[in-house]
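This report looks at contacts at three levels: between domains, between chains and between helices. The structure comes first, and the description follows.

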Amino acid sequence: MDFCKRHFSVALGAVLGLMLIAFIGVKANLQLLFGVVAPYLAVLIFVEGMIYRLIKWARSPVPFRIPTTAAQGRSLPWIERSLGDKLDNPENTKWTIGRMALEILAFRSLFRNTRTELRKDPVDGKKVQLVHWSYKWLWLGAIAFHYAFLVVILRHLRFFTEPAPGFLHLLDSLDGFLQFYIPVVFVSGVVLLAAALFLLARRLVKAELRYISLAADYFPLLLIIGIAVTGILMRYFFKTDIVAVKQLALGLATLKPVVPEGISALFYMHFFLVCVLFAYFPFSKLAHAPGVFLSPSRNQPGDNRWKLYVNPWNYPVKFHTYMEIEDQYREAMYEAGLPVEILPESAKTGGEG
Amino acid sequence: MSKLPKPEELARNISFQTPAKGWMDVKPDFRPGTYCNAAAPKWMEWVGYPFPRAWSVAEADWKLPPDWKEIILAGMEDRLKRFRSLKIFFDICVRCGACADKCHFYLGTGDPKNMPVLRAELMRSVYKRYFTTAGKLLGEIAGARDLTEDVLKEWFFYLHQCTICRRCSLFCPYGIDMAEMTLLGREMLASVGLNIDWALASVAQCYDKGSHIGATPQAFKDMMDFLAEENERITGITTPPSYNRKGAEVLFVMPSGDYFADPGTFTMMGYMLLFEYIGLDYTLSTYAAEGGNFGWFVSHEMGKRLNVKIYEEAKRLKVKWILGGECGHMWRVCNQYMPTYWGESPGFLEEPVSPITGTRFENAKVHKMVHISEFTADLIKHGKLKFDTQRNAHIKLTFHDSCNTSRGMGIFEEPRYIINSVLPEGNFVEMPPNTIREKTFCCGSSSGINANENMEIRMLGGFPRANAVRYVQEKYGVNHLGCICALDRATLPTLVQYWVPGMECTGITELVGNALVFPGELERTTDLRDRDLEGFGEAEETEEEGDE
Amino acid sequence: MQLRELLTQKQAPILSRWRQLVFDSYPAQTAVFLAKEQDRFSNPVGYRLSQGLKTLFEALVHGGDRERVEAGLDEILGVKAVQELAPSQSLAFIFLLKTVVRQELAQELQDSRVAGEFREFGDILDGVVLLGFDIYTRRRERLCEIRVEEVKQRVSGLLRKAGYDLTNL
């Protein structure tokens, strides 16, 4: 089996296997394990893993200030810098926060992923637009994926709170603005699934991505697709006892776990995949979420020349001193008319004579 | 008797790789022209580098020390402890591929391992195998692999097909910087005695004598005197520099490319003319005779060993501040590393103030070093320079932003301001937007790989840049490629000779030197390169036209 | 000249197949990448090869103007010469055009007049290969020259100072 297929099938097998485990587990009446133990364990691993990860990162110092300067830096006062310049090459902490915010909230760098359509006739404006747009697909896919995920997670807070905070109602009505189907279709779930499928398809279709993708790239995508599919199936097609689910969730949230009757196996499959996602998160590439905050090429201002940056492990190095070089070439330097610290012997004798 | 191949078969023969093979199973092909030669033991001994020995890249046996693997792994562990960047960049890549087609080496060679994501993965896979649980347990399926000699050779091959230009880091959603990983990877390679000759020869020469070219102090002076004489011959203006002069206001530091290699020499003549014009109290140093820093291409420590000479010399000569010439990686080092290497703000220097305009360079408050483009732009802005732009009328220019000053410093407007002031209107044309400024394409030969033996790979690496240059040549008749980088001035002429014949390279201060109008100067008939000025031969005709 | 008309008519499919064959001669990953985009700046090598093939093909169809043929060849061989393939491999792509035409015009070639013209066309292509050989060699020589020139250039200031005229070295 070739590299790509092997990595993809391992990831697919793992996700299907996890679903099967949950399914068999429920059939074997292990609801307690999958409804209570697994989520607590997952949250524990998530929190501890995250702390461990962050500490591990933070323990290594940042020896140099190396921001990627993506625009004109602070210079002479009359050199104009646009708002974009200030954000892309921040001169102080304030602007660096702006840069990070733009990076994290709007995926600034991915958005940069444009290519100009210079071969095209500038008169043919429409065509230019199209080409321009097509290179935003990765950005669009990524941003749709992340925001849809966020909304979905927030929506699920409804299960863990009683009464649900007000903003959740607003969120629900916004999310369900299409007023289509019963129960009302939440756009976020559909977008999440579509975006995840797009990101997966991209990996499988584009040759160079297929070449670089590992099981660790397919697995989280498939896991999330699995979560989305089971979730959507549960909401719209194979409904489960929602009151019982809420009881379970509230029980978990209030640390008084109960395992109510009447919850379908589909729910446990969904729930178990979520648990796995949480537990997997800190130890995988998904840690890019906290990691991006620590990225030295983004989270530092480009102020090296007017603010000293100290390297905590800076150490003295051996270098060739001026005197060593003068010692080596003193005679010749003197003859060439170069000033020297110590006059050569010939000069002294010459002077006396 | 072997069968004669048909053309189809011949053409197909080129394939060395089937799609079924994963990247881990493909070994690098060390064809002549694609790699740099191994460093001669002599250079390694000069700078005290480990395992000096004669070895050859093309041979199977690289004569590695017996415990090379332990050294590399210990080196990686040490660097993970010292560089958060390395840890983060190893851990958070999601392999989205946004960087892939941003690398000039990938664009030029089409070799998938030149996608920055995969080039990083060459090292990341080893990190996973030895420093992560998943990699230890799951091996290949977790993207991990054993560190073998083949892997090490792969590092050597591809880490010298990265010019540390940072274009990938610009497009990476997490700012993962291949340059940082390449630098640390090269450090690890050096720790088992794998260095390239071109880089290390320059380092050793610079360390021992003062400049990459290995000029002795007296040879340095000789050359500078010659360039001053050339100035006098062409312009009638004497521009005698002073050397190692204590108490001068400014120490001027430039890359050695500017005084030994054309067309850098013309830029040097430009500096001298400019300083003479404004009467700058400056001195050159035979000790800090090299602004460029090939050491930094080899390791952070070596970068520091060469870089500290500049502040040391400024201290010895008791100058007030430092002015730096046109150079890319010199400025990347000076901007992002120099004061940090030094450990404190150099208190023996003063905050730079232009003696001519009184401008305080507040952005160099701690660093105390000013970029020549900032300095010149400030002079022009204050109307201190008188130009005859017609003397540059024969130059139709496009400007190549150097990677290092772009993505490692952020200096874009100053050189453009100067260019627009010294060229006649309409003689400056930009290359396509995605190939300039922060998105600029590298010359393809930076970071110590501008050797001679790897010319083919350099031509391919520089191809995206050349392609954009050719575009403006065809479309606008551009005949000069301007830059503020000595490595560019050394390598771009070669690049364009192959891909864009008829294109010349020039520093920006050379153009300033051409255009400066001195009181009492000779009537200028040529530019600093002894080329006839436009309209001169048919002087009468043009004058008549001018009169009308 | 029936063949010429046929070639003009079928220019698009012939060129596209020829281009694909040329790209396919590269390692699989590279081939995919080359073929992917035609944008001059995001895929310069693919663009240069495509342009060269187009120029060459058009020059051949429209009377075989030597300068244009050479221009097309130079575009392609300039790239191939630095990809460090054997000369035979670098030039093989020209013959591939025969194969492509034979496939694309299979039907028409049954006409004996067209077949006769195709034989002539084949002879012309043989000539193009010889030209290609010149150009490939010139490109490789150029590469050697710039190697030497670069070495001189590194100390050119010094040579100038010593009174050497660089062009005479």
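## Contacts in the predicted model

In this predicted model, the centres of domain 1 and domain 2 of chain B, taken over C-alpha atoms, are separated by 30 Å. The domain assignment places domain 1 of chain B at 27-201 and domain 2 at 209-515. Across the boundary, 28 residues of domain 1 of chain B are in contact with 30 residues of domain 2 of chain B. On the domain 1 side, the elements that give two or more residues are α5 (104-109), α9 (167-171), α10 (178-191) and α11 (197-208) of chain B. Of these, α5(B) gives the most, with five residues.

Chain B also touches chain A: the contact takes 89 residues from chain B and 76 residues from chain A. Helix α15 (residues 300-317) of chain B supplies the largest share of the chain B side, eight residues.

In chain C, helix α2 (residues 11-24) packs on helix α6 (residues 87-104) at an angle of about 135°, with the axes 9 Å apart. An angle of 65 to 115 degrees would count as roughly perpendicular and one over 145 as roughly antiparallel; α2(C) and α6(C) are therefore oblique to each other. The crossing of α2(C) past α6(C) is right-handed. Residues that meet here include C:Trp18 and C:Leu21 in α2(C), and C:Phe93 and C:Leu97 in α6(C).

The residue classes of the three contacts are set out below.

| Set of residues | Nonpolar | Polar | Charged |
|---|---|---|---|
| Domain 1 of chain B, side touching domain 2 of chain B | 13 residues | 10 residues | five residues |
| Chain B, side touching chain A | 38 residues | 21 residues | 30 residues |
| Contact of α2(C) with α6(C) | 10 residues | no residues | two residues |

Notes. Residues numbered from 1 in each chain as written. Chains lettered and ligands numbered in written order. Predicted model: local features only at pLDDT ≥ 70, side-chain atom pairs only at ≥ 80, totals over all residues. Domains from an automatic or database assignment. Contact = placed C-beta atoms within 7 Å. Helix = DSSP H or I, 4+ residues; strand = E, 2+ residues; numbered from the N terminus. Nonpolar A, V, L, I, M, F, W, Y, C, P; charged D, E, K, R; others polar. Axes fitted to C-alpha atoms, helices over the stretch in contact; angles between N-to-C directions. Parallel < 35°, antiparallel > 145°, perpendicular 65-115°, else oblique. Left-handed = near helix turned anticlockwise from the far one by under 90°.
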